[in-house]
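Before looking at individual features, it helps to have the sequence and the coordinates side by side. Please examine both, and then work through the questions below.

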Amino acid sequence: MYTQPDLPYAPDALEPAISAKTVEFHYGKHEKAYIDNLNSLIKGTDFEDMDLEDIIKSSEGALFNNASQAYNHIFYFFTFSPTGAKEPSGELRKAIELQFGSLDAFKKEFVDAGVKIFGSGWVWLACDEDGKLLIIQKPNAGTPLTDGLVPLLTFDVWEHAYYLDYQNRRADALNKLWSIVDWDVVSSRYDLD
């Protein structure tokens with residue numbers, strides 16, 4: 001059975017980028033529901049003893065949706081920190097500058113991709129086995145795991161992620177997230193060894 005990990009910061013620690021009320025509803029209620037549903041769906045099945053990534057890669061329908069959303073939300077919320085590194089470093093920084101020209105150019109392209117997702121979903125930075133970076137738009141519960149890619153960073157573009165704080169201003173919501181991304185966390189995911 002899966003348990004929801006406690007966030008490593010207080011609900012109000014991400015303000016003003018994400019309000020305490022949004023954290024409480026988004027992580028406290030939406031994410032809890034995905035984990036509860038996942039546990040209910042795997043009980044007594046072959047999936048019961050599988051790790052979350054393997055469930056995502058080998059399931060479909062309601063099981064995939066709840067497993068992937070449980071994973072995506074943990075990935076998303078654990079990317080943030082009120083005191084984390086404000087810029088990428090090391091190999092990830094080099095790869096971003098090589099592929100996108102600059103960190104600012106990457107941020108613009110990433111946010112543009114998130115804004116252009118029709119309806120609900122996720123915008124991801126992922127890499128392939130050679131370390132090539134890709135910005136990927138995924139509808140609904142989509143994740144780069146199903147494409148054999150390594151997820152590095154994601155922004156949630158479901159309305160429940162930003163509507164309490166930004167209403168219909170998705171671009172404003174996404175741009176504000178840069179102030180709380182902990183680039184040490186993201187850079188650590190880009191470990192090609």
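**Backbone, helices and core**

Q: What phi does Gly101 take just after α4?
A: The model is predicted, with local features requiring pLDDT of at least 70 and side-chain atom pairs pLDDT 80 or more, while totals for chains, interfaces and linings use all residues. Residues are numbered from 1 along each chain as its sequence is written, and side-chain values use heavy atoms, leaving out hydrogens and water. Helices (H or I, at least four residues) and strands (E, at least two) are DSSP runs numbered from the N terminus. Just after α4, Gly101 has a positive phi, its value being about 95°.

Q: How wide an arc around the axis do the buried residues of α4 cover?
A: An α-helix has 3.6 residues a turn, so residues three or four places apart point the same way. In α4, which spans residues 90–100, the buried residues (under 20% relative accessible area, with exposed over 50% and partly exposed in between, for a 1.4 Å probe and protein chains only) are Leu92, Ala95, Ile96 and Phe100. They sit on the same side of α4 because their arc, taken from the directions from the helix axis to the C-beta atoms, is only 100°.

Q: Which exposed residues does the face of α4 turned away from its buried side carry?
A: The buried residues of α4 pack, by contact of heavy atoms within 4.5 Å, against α5 (103–115), β2 (133–139), β3 (150–156) and α8 (183–189). On the face turned away from that buried side, the exposed residues are Glu91, Lys94 and Leu98.

Q: Which element gives the largest share of the largest nonpolar core?
A: A nonpolar core is a set of buried Ala, Val, Leu, Ile, Met, Phe, Trp, Tyr and Cys residues joined through side-chain atoms within 4.5 Å. Of the 60 residues in the largest one, Phe80, Phe106, Leu133, Leu153, Phe155 and Trp183 touch the most other members. The largest share of this core, 8 residues, comes from α3.

Q: At what angle do the axes of α1 and α3 cross?
A: The axes are lines fitted to C-alpha atoms over the stretch in contact, and angles run from 0 to 180 degrees between N-to-C directions. Helix α1 covers residues 20–42 and helix α3 residues 61–77. Their axes come within 8 Å, and the crossing angle is roughly 145°.

Q: Is Ile117 buried or exposed?
A: Ile117 occupies the loop between α5 and β1 (121–127). Leaving aside residues up to four places away in sequence, Ile117 touches Trp122, Val123, Gln137, Lys138, Val157 and Arg170. With a relative accessible area of 8%, Ile117 is buried.

Q: Which residues does a cis peptide bond join?
A: Pro16 belongs to the segment before α1. The cis bond has an omega of about 5°, and it joins Glu15 and Pro16.

Q: What relative accessibility does Asn140 have?
A: Asn140 lies in the loop between β2 and β3, and its phi is positive, about 55°, although it is not a glycine. Asn140 counts as partly exposed because its relative accessibility is 44%.

Q: What relative accessibility does Gln167 have?
A: Gln167 is located in the loop between α6 (163–166) and α7 (170–177), and its phi, near 55°, is a positive value in a residue other than glycine. Gln167 counts as partly exposed because its relative accessibility is 34%.
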